[in-house]
Amino acid sequence: MCIVLNAKDICVTGRKMTDKIYYWHTGYIGHLKERKLKDQMAKDPTEVIRKAVMRMLPRNKLRDDRDRKLRIFAEGEHPFHDRPLEPFIMPPRQVREMRPRARRAMIRAQKKDQDREAKKAEGEAAKNGKAAVAA
């Protein structure tokens, strides 16, 4: 079994909270319903994770069995206290080397920012020096 705790605490990147939309049809003509991720999280946060997992699984005979083995809880409380739960630790990602042109552009941007900060610090030091001489 796969047990997911604290489903209410998921975080998403970008503007998915307002831009991601769940659609479903009631079966009547013109009754295509929609709900934003933000509203779905307020109504039932477990359904967000369930739909994400189920839509990643292949649509075959084993899908229903896998769904039954997925247990999702909105809070940290669960009825499986007698079983030892082992947390899933995400393995470190393998990051590719940057392409030379992109790397040079990034280094130039960093140097430009450092030069800008150094000039700003020099300007403030000069103003403070003039203020001290005037006093």
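Which helix does T46 lie in? In this predicted model, T46 is part of helix α3, which runs over residues 45-56. The residue counts as buried, because its relative accessibility is 16% and the cut-off for buried is under 20%. As for its neighbours, T46 touches A7, I72, F73 and A74, leaving aside residues up to four places away in sequence.

Helix α3 also holds R50, and this residue leads on to the charged pairs. Side chains of opposite charge can pair when their charged atoms come close. The structure has 4 salt bridges, and one of them joins R50 to D67, with 2.7 Å from N to O. D67 sits in helix α4 (residues 63-68) and R50 in helix α3, so this pair ties together parts that are 17 residues apart in sequence. Both ends of the bridge can be placed on the accessibility scale: D67 is partly exposed, with a relative accessible area of 25%, and R50 is partly exposed too, at 23%.

Another of the salt bridges is found between D9 and K8, where the closest N and O atoms are 3.0 Å apart. Here D9 has a relative accessible area of 49%, so it falls in the partly exposed class, just under the point where exposed begins, over 50%. Its partner K8 is partly exposed as well, with 37% relative accessibility.

Moving on to helix α5, which covers residues 100-134, a salt bridge turns up between the side chains of R116 and D113, at 3.6 Å from N to O. How far apart are R116 and D113 in helix α5? They are 3 residues apart, so about one helical turn separates them. D113 comes out as partly exposed, given its relative accessibility of 39%.

Helix α5 also contains R101, and this arginine brings in a different kind of feature. Together with R96, R99, R104 and R108, R101 forms a positive surface patch. Is R101 buried or exposed? It is exposed, because its relative accessible area is 68% and the exposed class starts over 50%. A residue in such a patch has no salt bridge, so R101 and the other arginines of the patch stand apart from pairs such as R116 with D113.

Taken together, T46 gives a buried position in helix α3, R50 and D67 link helix α3 with helix α4, and R101 gives an exposed position in helix α5.

Terms used: Residues numbered from 1 in each chain as written. Predicted model: local features only at pLDDT ≥ 70, side-chain atom pairs only at ≥ 80, totals over all residues. Heavy atoms only, no water. Patch = residues over 30% accessible without salt bridge, like charges linked within 9 Å, V, L, I, M, F, W, Y side chains within 5 Å. Areas by Shrake-Rupley, 256 points an atom, 1.4 Å probe, with all protein chains shown as cover. Lys, Arg positive; Asp, Glu negative; His and termini not counted. Charge placed at Lys NZ, Arg CZ, Asp CG, Glu CD. Helix = DSSP H or I, 4+ residues; strand = E, 2+ residues; numbered from the N terminus. Buried < 20%, exposed > 50% of the residue type's maximum accessible area, 1.4 Å probe, protein only. Contact = heavy atoms within 4.5 Å.
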